[in-house]
Structures are given as structure tokens and as C-alpha cells.
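Biologist: Please take a close look at one part of this protein chain, and describe how its strands and helices are put together. I would like the cut-offs stated along the way.

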Amino acid sequence: MRSVKESLQQARDFQNAKDRLKLPLRENRFNSPRPQPSLGELKTRLKAKRSVKAAVEDEKPWYLSKVEALCEHKEGPILRDLVPPTKQHPVPTLAHGLNRVLFNPGVHWLRDPRSQVYNFTPWLEHIPKVTDFAFERMQTFIPSSEDPDLLALAVQNKKRFVGSTSSLTGMLSHIYFLISEDKDVDTSSLSTVWKNQKSDFTSGQRMPSAVRMNFKNGVYSIDSSDSYDNIKDKNILLWLGHVLERFFTMPQKEFEAYLRSKTPEWTPPPQPKEPVRDAYRFAMSSTFVMRSQLDCVDPSLPGTGVFDIKTRGTSPIRMDILNFMENSASPLKQLVGLKDSFEKEYYDLIRSAFLKYSFQARIGNMDGVLCAYHNTGKVFGFQYLPLIEMEARLYGAPVGERVFNKCVELLEAIMKEVERCFPGESVQVAFETQQHKRRLDVVVSPVDGPRKDEVKMLEVTATNFIDEQATRGSTAVTSSLPWTIHYVIAEPKLTPVKVETVLAGITSRLSRTYALPTGVTLSTVSQFWHSLNFTSSTVTQTTGEVDPKWFKEPDANQSHTRMQSKEEREAAILKAAEEKGKPKKVLNLNGDGHVAEDWTVYDDWGYATEPPKYDFKGKAEEDEDEKAVHHIVARLKAMVGERVHVFFSSCFSWHVELNIFFSPAATDFTRRWGKSCQRLSTLGRFSV
């Protein structure tokens, strides 16, 4: 039996051997560590079409088929623009002065919490109800398989695959997890309170990606798969995103044409002779044609000036999505901090969304993303996130273009092998790179046909080389030196039961469970589920089976958050009552975008108001509502102008208190209005 001293010496010798190799030992399928061949050896063997596997593996291969190649270093973008076949609407621009956010880094409060001054129109503060928005009055989303322009461009340019950002970014993300070897994100730009917080990607970001490849006329159209998404149509954040895109890019009157409450009778505009569709960018790579919808543009931004609009619900909404009504009072109170802050939302964005956002921006050739923070009921602020900033948080260096290029190259290679699994058939495909596994699993099964029950699996591995030297993925991603990836795509020798087990594991990780909303039990959840309909102004029942396994009781964190949301809602109601009827001060903008010297006053609903015309010869005596106070104030200002200064110290439905200060020259005015002031004293205290 070895002594402790001998065991320690053996461990030190093993560590020294690893250090001399300057890379982690690679494990083959038999868990026997061996050094990785050099890049020169790989190039020689691949050129001679000889296997790079060890002899023992050649004698007893662990795979049914295998393809390996190199993604060598290349400069320049991998995508090239294509001219859209159909006429498109102009790319929208921001409304309501929101373009200020694009050129001023950091968060922009919609309403400054200290001074209570609005930086933008108060009309943006309160989000319209999703059920009030008439989705049928706008162009609907077109999946890749139903887009004639996308398919026509693929045939015209002899490309095999087409897809949109929604279906491609999930697969690209898992390829990035593979080649980066689970590299952490960079949170060093945040305040020190985040120093010891997690810096890996969230479980939601690492969820498997499932797509459907529809084969037609020699082209595979890649759509996001709905078969694993049990909440897609019930997710208020999904529908609210469509509403807010138009909320921020349309003038008030134009937007109200989409609200049933404002425009109950709606006449569709006349259709043009030639079809006109929303704005998209089409681009092609070696085997792909990709499509990206263009949300917004500002010509003053670098490059194309195009950027995406993203809406970010607060953490309580995202973590307890079915309880959105109760949690819709969750606030953002501060810029930095671990809780209820914009910095908390930014931290979550880095770990859960920046990778997807950056790939979408690359496909659409965009400059960045405008993010609006909200709680489904109220907008708190805005922040512009340039692409270079998002990629700095992801990679720690300005290497976004070459990371994207490598991911697209690997995606093209994998798609070729997926096609060979079931040639000429539409298939379901699931991608997953599990954390610390250093392997991408791809599971393929036909959608229909005689082979519908068959399942095949591919394993993808990758080794990084920087300047001819094998390197860790986390180092390769941030390096600026020439980067080559040696990849292997193999179909392993696995029994059907083993493949089904892998697929079952991916399926289980694709499915989520949701906390039951307050007041809903397992016995009533089916009724609640079918009543969720965000596309109609009335509650209508949907159909379909509801699996009780989708739901669970709220955990301790969710219960605590719900209790806090109730308290926040009570505080918000009191604050709204206190502010009811008070004028709202808003920074005005001149035509050149500069702040004007005057202010605009808005009512409780965010609509700009003018001093109302009011007959005070007795009507004030009949008016029991405290709104008479505001009418009198407006009249006072109209008569004595700047000599009158009004301060509202409080304004509840049952109490009104005003303090009016004016010059002695207004003595006659006081006598004339004494009767109205006496009447208003019944509502509260009116001091002159």
C-alpha cells in the first residue's frame, strides 16, 4: 500500500505533466487522458484523409459515422447582404423624444424619482392593457417556412438552409457554449456588490434549443419548435413586447388606432397594388439565408443605424410569470444595488439575454439594442446597449465578429450532418451543450412518415488552437491572434434505448414548471389556464389539455416576493391618490432636440392639457368634485399670470389642500372669488 508521501508525489508529477502541456488533458470516450495532436499534425492527417484517432479507436470505432474538419482563421464578416424581393415599409423611428437615450450612455429614468420630473411624456408611463391592443390590425409574424421572400432568395442563391433570428440564435448559443468551454461573463463593470455573485450563464439561457426543419423544394426552413413550449401563448411578456414596440415608435394618435377602447370601429387602410411588408434584412453565408426583422433606425447611429427594441420585465414578473397581475406593482427604485435596481436587471441581462441579443444584432447588422424596463403595468426607464458593450460583457474583449463567424461556420457543418440523418425529410432537432460536459448533443427525429419513431443522435466536440497552439476555449474566445477550431461530428454507437434516454433528458430540461398564481389551486388551474387570452378584449376560453405537472406551489422566494408586491401595490395606490390632479412637470424639447425653457402640464392619464374653459357664475357651487380646484387654479393663472404661484401639498379624493400666493395688486380678485373659495372649503382647506 502506498504511503501518503508517495501519493502526494504522484499527484505533483501528474500536475507538472499537465502544466508542461499548457492545456487540459483531453478525455476520449474511454476516459483515458492523452495529449491533443498539434494543429500541424491535424492538418497533415486531414489532408491525407487519415483518421486522427488513436489506433485502438480505429480498430474498434465508437461511432457509426464521423466527420471532422477545421474552422480556420478568416477576417471579415461571414454574412453578405441580399436585396429583398418584395417592397418593404420604411424602418420605424423612435417617437416621444426617446432618441435622446441613444446618444447618452446609462439608464434614463422615465420619471426622476427625486424631483418627480418626467424626462419623457407621462403618456409612456402607464402601459396599455394587452387585451386592449388589436393584434389583428397589424402584420403578423411570418415563420421562415412560410416566408416566400426567404425561400425565393434561397433558391436564387442555391442555399440549402433558411432561418430567422428567433430560430437560429438558440442553436448558435449552444455552439458558443461548446467552443468557449463554458466561459463566464464579465461583470467587472458593475458595482462592488456584484463581485461575489455568479458570473456564469443562467439556466434559462442554457435551456436546450428545439427547432423544426421543414423540407420543401430542396430547402430546409428552420422554425422554432412549439412542441416543447407549453406557455408560449400564455406568456404576457411575449405579447407585451409586440405592443411596446409600437408604443415607442408611434405618435400617440397613431398608436391609439390599435386600441379597441380608443378606436372601437376600425377601417383597414386601402391595400396597395403591390404588396408591402415590414422591414427585414436578408443575408447569406455559405449554405444559409438568414432573416432579421428591423425594429427601429436612427441615421445618427454608426453603421446602418438600425437597432432592436427589447422590453425587460422586472425580476418578480419573470420569475413568477403566471402571477403577473399581483406582481405588476414590483418597482425599480434605484440605479445600483442587489435588489429593485436597474443594475440588478442589467446583471440578469448579461447572464440571460446578451448572448441572444448579440447574435440577433449580428444577423440584422444592427448597432445595438434599446431596452425598456417595466413591470407590465408601468415603464420605469430606458437604456441603449450598443453591440460593442454587450460583447464586452460576454467575451471580455472586442472579438464579437469572429466569435459569431465561428459559430455560424459550425452551425453550417452540423446542419449538413443533420440532413444526412434523414435525407429529404422534415425533422425535429434539439441542441444542448450541458455545462462542464464539453460536448454538444444533437438529437434528430422525423416529423412524420414511416420513420417517424426513429431517433438519431450526433455528438459534436471542438478543440481550439490559437496561433498553432492548443488552447482553452475561454482563452481562445478573448484572444486577438489567429484562431482555428478542430471539430468532430460523430454519430455514436448507442442503443435506441440510450438515445431515447438522452432525448427524454433534453425534453425534461426544455419543459418548465410554473408557480400557481395567488388564489389558484391545482383543481382550478385548468379554468385559469384556458381563460388566459391576451389577444382578445374579452375573456374567452381556449381549448387543449392542461397537465398538472406544469404547475407547482410557489416556493419561499416567490411567496416572499408576492408579499412584497402586495405592499408595493398598497403604497402605489396611496401615492397615486396623493398625486391625483396634481400637474406633472415634463421636460419639453425643441425641434432640434434641445430642452426647452418651459414645461408641459399633463393630466393623470398622461395627456397634455390646456387651461379649461369654465363658467364660475355658480357652477362651482354645484360641482362636488375636487376637479373644481384645478379649474379655479387655471382661471387664476389666466387672470393674474405670474403673480399666482400654486403649491399642492396633498390631494386625496377626500382632502384638498392648496396654498396660493399672489401679489397685493390682486385684492379685487380676492373679493370676486370669495364665494367660490368658500364653497371649496367644504372639500378641505383653501387658504388665500
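Modeller: What follows begins with the chain as a whole and then turns to one hairpin, a sheet and the helices beside them.

This is a predicted model, in which local features need pLDDT of at least 70 and side-chain atom pairs count only at pLDDT 80 or more, whereas totals for chains, interfaces and linings use all residues. Residues are numbered from 1 along each chain as its sequence is written, and side-chain values use heavy atoms, with hydrogens and water left out.

The secondary structure of the protein chain comes to 21 helices and 26 strands, where helices (H or I, at least four residues) and strands (E, at least two) are DSSP runs numbered from the N terminus. Of its 688 residues, 49% count as buried, a term that means under 20% relative accessible area, with exposed meaning over 50% and partly exposed in between (1.4 Å probe, protein chains only). The chain exposes about 35100 Å², of which carbon and sulfur atoms supply 53%; accessible areas come from the Shrake-Rupley method with a 1.4 Å probe, and for residues only the protein chains shown count as cover. Among contacts (heavy atoms within 4.5 Å) between residues at least 6 apart in sequence, 71% join residues at least 24 apart.

The hairpin is formed by S9 and S10, with three residues between them. Strand S9 (residues 280-284) is joined to S10 by five bridges, and the two run antiparallel; two strands are said to pair if DSSP finds at least two bridges between them. Within this pairing, Arg281 stands opposite Ser292, and the bridge partner of Tyr280 in S10 is Gln293. Each strand of the hairpin also has a further partner. Strand S4 (residues 80-82) is joined to S9 by three bridges in an antiparallel arrangement, with Asp81 and Ala283 as bridge partners. On the side of S10, strand S6 (residues 161-164) pairs in the parallel sense over four bridges, and there Gly163 has Met290 as its bridge partner.

Both strands of the hairpin are mostly covered, with five of the five residues of S9 buried and five of the six residues of S10 buried. In a regular strand the side chains alternate between the two faces of the sheet. In S9 both faces are covered, since Tyr280, Phe282 and Met284 on one side and Arg281 and Ala283 on the other are all buried. Ser292, which lies in strand S10 (residues 288-293), counts as buried because its relative accessibility is 2%. Leaving aside residues up to four places away in sequence, Ser292 touches Thr165, Ala279, Tyr280, Arg281, Gln360, Ile363, Gly364 and Met366.

Ile363, one of the residues touched by Ser292, also takes part in a helix contact. Helix H11 (residues 354-364) and helix H13 (residues 400-421) pack at an angle of about 85 degrees, with their axes 11 Å apart; axes are lines fitted to C-alpha atoms, for helices over the stretch in contact, and angles run from 0 to 180 degrees between N-to-C directions. H11 is therefore roughly perpendicular to H13, on a scale where angles under 35 degrees count as roughly parallel, over 145 as roughly antiparallel, 65 to 115 as roughly perpendicular and the rest as oblique. Phe359, Arg362 and Ile363 of H11 make this contact with Gly400, Glu401, Phe404 and Cys407 of H13. These residues divide into four nonpolar, one polar and two charged, where Ala, Val, Leu, Ile, Met, Phe, Trp, Tyr, Cys and Pro count as nonpolar, Asp, Glu, Lys and Arg as charged, and the others, Gly among them, as polar.

The open sheet of five strands has the order S5-S14-S13-S12-S11, with mixed pairing. Strand S5 (107-109) and strand S11 (296-297) stand at its edges with a single partner strand each, so one side of each is left without a neighbour in the sheet. Strand S12 (residues 306-313) and strand S13 (residues 368-374) pair in the parallel sense over seven bridges, with Ala372 of S13 as the bridge partner of Thr311.

Across S13 and strand S14 (379-386) lies helix H12 (residues 387-395), running at about 85 degrees to S14. Leu387, Met390, Glu391, Arg393, Leu394 and Tyr395 of H12 are buried, and Met390 has a relative accessible area of 0%. Met390 touches Phe354, Tyr357, Ser358, Val369 and Leu385, not counting residues up to four places away in sequence. Met390 and Leu355 are 35 residues apart in sequence and 7.9 Å apart in space, C-alpha to C-alpha. Just after H12, Gly396 takes a positive phi of about 80 degrees.
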